[in-house]
Amino acid sequence: MRIYEAKDYQEMSRKAANILAAQVILKPDCVLGLATGSSPIGTYDQLVEGYEKGDLDFSEVKTVNLDEYIGLDHENDQSYYYFMHQHLFDRINIDPANTNVPNGMAEDIAAECERYEELIRSLGGVDIQLLGIGRNGHIGFNEPADSFDKMTHCVDLTESTIEANKRFFASADDVPRQAVSMGSGTIMKAKKILLIACGEDKADAVAKSFFGPVTPEVPASILQLHSDVVVIADTAALSKCPGVL
Ligand code: GLP
């Protein structure tokens, strides 16, 4: 695992976008695993800039997103489908047919989870998976639990995640209680992982994930077992990591 320090959000975003851009240049038909939340917005802005400059071509790129709330349709501005179109897909030359977000409106969520897992397999797996991290160490929507989830599955969101994500909704009551998320096992199958973290409120999660024991109580800790992980975090997010700064 390689940990790079960035001085702020802007630098973290630039460094992360450089890695994703390199992937797109080296393998124009790559499969990008994408994430939502406030952490990757700057990274997506940088990728859009690269596209606008003529440095990046997304015409053959395929994407799979980590997760989606259950019960929010595509027009809902809090759905991750909407987020991805707003921050990235509608601003670059990607073919919408090559973009994939789990369908949180599926009538049969269990079948949707299986379909999504199979879809990732049929694409040949994820070349690089971008991840943010929750304050409780969650990745995607893999919440602290007694065991790691292997496959794409339906998740009951924890109170702490609902609390953290309510800032995007009118009130905590409006935050969906469930989501579809790639499992830790799905994430671990990605060939390369790129995790970004910014801000003091991520410092505990970052320290526990990368310097503590591997445990499903800290979902991101499983990444210690992956052979190709890059973490890009700002100084505040690294402030509790022993010997890094
Ligand atoms: C959500 C997403 C995660 C994301 C996390 C942190 O719960 N499902 O993929 O990493 O929030 O979000 P933020 O980057 O806004 O702190």
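1. The shell of residues around the ligand, sorted by class, holds three nonpolar, eight polar and three charged residues. Please keep in mind while reading these points that the model is predicted, and that the values below are therefore computed from a predicted model.

2. Within that shell, which counts 14 residues, those that come nearest to the ligand are Ser38, Ser39, Asp67, Arg167 and Lys202. Two of these names, Ser38 and Lys202, return in the next point, where individual atoms are considered.

3. Which side chains place an N or O atom at 2.6 Å from an oxygen atom of the ligand? Ser38 does so through its side chain, and the side chain of Lys202 likewise has an N or O atom at 2.6 Å from a ligand oxygen. For His138, the separation between a side-chain N or O atom and an oxygen atom of the ligand is 2.9 Å. The protein covers 97% of the accessible area of the ligand, which amounts to 390 Å² when the ligand is taken on its own.

4. Where does the ligand sit? Its place is the largest pocket of the model, and the volume of this pocket is about 590 Å³. The lining is made of 36 residues, of which Thr36, Gly37, Ser38, Tyr80 and Asn165 are the closest to the centre of the pocket. Ser38 thus deserves a second look in the structure, as a residue that belongs to this central group and that also has a side-chain N or O atom 2.6 Å from a ligand oxygen.

5. Turning to the elements behind that lining, at least two residues each are supplied by the strand β4 (67–69) and by the helices α3 (80–87) and α5 (159–165). When the lining of the largest pocket is divided by class, there are 14 nonpolar, 16 polar and six charged residues.

6. The second largest pocket encloses about 160 Å³ of space. Its lining includes Arg14, Ala17, Asn18 and Ala21, together with Gln46, Leu47, Glu49 and Gly50, and also Lys53, Asp55 and Leu56. Two helices, α1 (9–26) and α2 (41–52), are the elements that give two or more residues to this lining, and its composition by class is four nonpolar, three polar and four charged residues.

Conventions: Residues numbered from 1 in each chain as written. Predicted model: local features only at pLDDT ≥ 70, side-chain atom pairs only at ≥ 80, totals over all residues. Heavy atoms only, no water. Near = heavy atom within 4 Å. Polar contact = N/O pair within 3.5 Å; in protein donor to acceptor, adjacent residues only side chain to side chain. Areas by Shrake-Rupley, 256 points an atom, 1.4 Å probe, with all protein chains shown as cover. 1 Å grid on protein atoms, 1.4 Å probe; cavity = no way out; pocket = protein on both sides within 12 Å on 5 of 7 lines; lining within 4 Å. Sits in = over half its atoms within 2 Å of the grid points. Nonpolar A, V, L, I, M, F, W, Y, C, P; charged D, E, K, R; others polar. Points joined across faces, edges and corners; volume = space filled by probe spheres on them. Helix = DSSP H or I, 4+ residues; strand = E, 2+ residues; numbered from the N terminus.
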